[in-house]
Amino acid sequence: MKAVVLVGGEGTRLRPLTWSTPKPLLPIANIAFLERQLAWLESYGVDEVVLSMGYLPDAFHRHFPEGRFGGVTLRYAVEEKPLGTAGGIRFAAEGITERFVVCNGDVLTGLDLAAMVEFHEARGAEASIYLCQVDDPSAFGVVPTRDDGEVVGFIEKPPRDQAPTNWINAGTYVLEPSVLDRIPPRINVSIEREVFPRMVEAPGALYAFHYDGYWLDIGTPEKYLQAHHDLLRGALPGTLAPGAVERAPGVWTQGEVHIDPTAVLEAPLLVGAGSVIGAGARISDSVLGSGVRVEADSVVVRSVLFDGATVGGGEVLDSVVGSGSTIGHGAGLSDVTIVGPGVTVDGGSRISGGRVPADDPRG
Ligand code: GDD
Ligand code: MG
């Protein structure tokens, strides 16, 4: 089976991390998000994936220099200007003449894709949408259905009090190739605002598969941290990180790490290869990439430190530190502060809910 993964968005809500790295290539517990998604697709027999790209396409070429991941062959469809979700699918699916799968490139899920394809087949649907349930549907596509799953409306991001249900578009579709004929070529078209609402008018064309397993859109800083919190707690069993060994209950390490005997490690925790944790440091509920240095007496709680980051005796709470960045002695990050790659935060500074740098570092 073939799939199109939409990875063309700019990931604006995850800046400054996404100034240089597209959202699907950000690590989630030390594995690029897209690799998790490709492994999931492969486990359901997907063997060819077209990446529908626009923003920072070279980063994907660099990440997969062989043009493959495991048993999945990758093809690249690069838009000159953003074509939107449906325009992107139409462009990327050029040449696909059989049933295929489409995924948003930022959704972490344990969806049973085989069961969804079976549902699609049984209904004789032209398109099927995976739906999950959330408390506040206003940030999503809201999808009311009949009892048999036929979609009766598709309302993208309605005001909270106007959502008819809390079952939302979870960002995975099974499509027959005829759906492509519903999308005009070479222009910006939204599948959520244009294609699906129009398909609602065609009886028997559009169905929705309700599935209440784990689901998270990683696209905001809060949700990005949440994804780590959830994976550390086994939300998607068997997929924490390659080579991770549980050396104490809930404390996972990859490869060789150096942990001072006076450091306090509180589960759950993942420490990447080659990381060094100094005397008296305290780390809990966090993910450290490879080659991270948490120096003496630092505190790291509910945070994510990318490869090569250093915490030089400061405090990092509920925050993300980009690759190779240094948090100086006595500095404090808190309340979902996001530090981009290659940044030095001066010793003694306090940042709460900040973005460092605040603007595009490339000028
Ligand atoms: N190729 C391409 N071209 N991809 C794009 C473009 C584009 O112009 N615009 C966005 N994308 C990709 C993004 O990279 C992302 O993977 C996906 O399309 C969805 O875009 P988001 O920006 O993440 O949308 P959203 O999260 O606000 O809403 C979407 O996802 C929700 C579930 O997480 C919608 O599909 C909602 O209906 C849905 O509920
Ligand atoms: Mg999203």
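**Exercise 1. Find where Thr18 sits, decide whether Thr18 is buried or exposed, and name its polar partner.**

Step 1. Start with accessibility: Thr18 has 0% relative accessibility and counts as buried. Buried means under 20% relative accessible area, exposed over 50%, and partly exposed in between (1.4 Å probe, protein chains only).

Step 2. Now place the residue: Thr18 belongs to the loop between strand E1 (2-6) and strand E2 (27-28). Helices (H or I, at least four residues) and strands (E, at least two) are DSSP runs, numbered from the N terminus.

Step 3. Look for a partner: a polar atom of the Thr18 side chain lies 2.8 Å from the backbone oxygen of Gly11. A polar contact is a pair of N or O atoms within 3.5 Å; within protein, one must be able to donate a hydrogen and the other to accept it, and residues adjacent in sequence count only if both atoms are side-chain atoms.

A word on the model before we go on. It is predicted, so local features need pLDDT of at least 70 and side-chain atom pairs count only at pLDDT 80 or more, while totals for chains, interfaces and linings use all residues. Residues are numbered from 1 along each chain as its sequence is written, chains are lettered from A and ligands numbered from 1 in the order in which they are written, and side-chain values use heavy atoms, with hydrogens and water left out.

**Exercise 2. Describe the protein chain as a whole.**

Step 1. Count the elements: the protein chain has six helices and 32 strands.

Step 2. Check the overall size: the radius of gyration is 21 Å, close to the 21 Å that the globule rule gives for 363 residues, so the chain is as compact as a globular protein of that length. The radius is taken over C-alpha atoms, and the rule is 2.2 Å times the number of residues to the power 0.38.

Step 3. Add the burial total: 54% of the 363 residues count as buried.

**Exercise 3. Trace the partners of strand E16.**

Step 1. Strand E15 (residues 244-248) and strand E16 (residues 251-254) run antiparallel, joined by four bridges. Two strands pair if DSSP finds at least two bridges between them.

Step 2. Ala244 has Gln254 in E16 as its bridge partner.

Step 3. E15 and E16 form a hairpin with two residues between them, and Gly250 in the turn has a positive phi of about 80°.

Step 4. E16 is also joined by three bridges to strand E18 (residues 264-271), and these two run parallel. Here Thr253 stands opposite Val271 in E18.

**Exercise 4. Work out how the protein surrounds ligand 1.**

Step 1. Of the 25 residues around ligand 1, the nearest are Glu156, Lys157, Asn169, Glu192 and Asp217. A residue is near a molecule or strand if one of its heavy atoms lies within 4 Å of it.

Step 2. Take the oxygen contacts in turn. A polar backbone atom of Gly9 is 2.8 Å from an oxygen atom of ligand 1. An N or O atom in the Asn104 side chain is 3.0 Å from an oxygen atom of ligand 1. For Gly141, a backbone N or O atom lies 3.0 Å from a ligand 1 oxygen atom.

Step 3. Helix H3 (84-92), strand E12 (167-175) and strand E14 (215-217) are the elements that give two or more residues to the shell.
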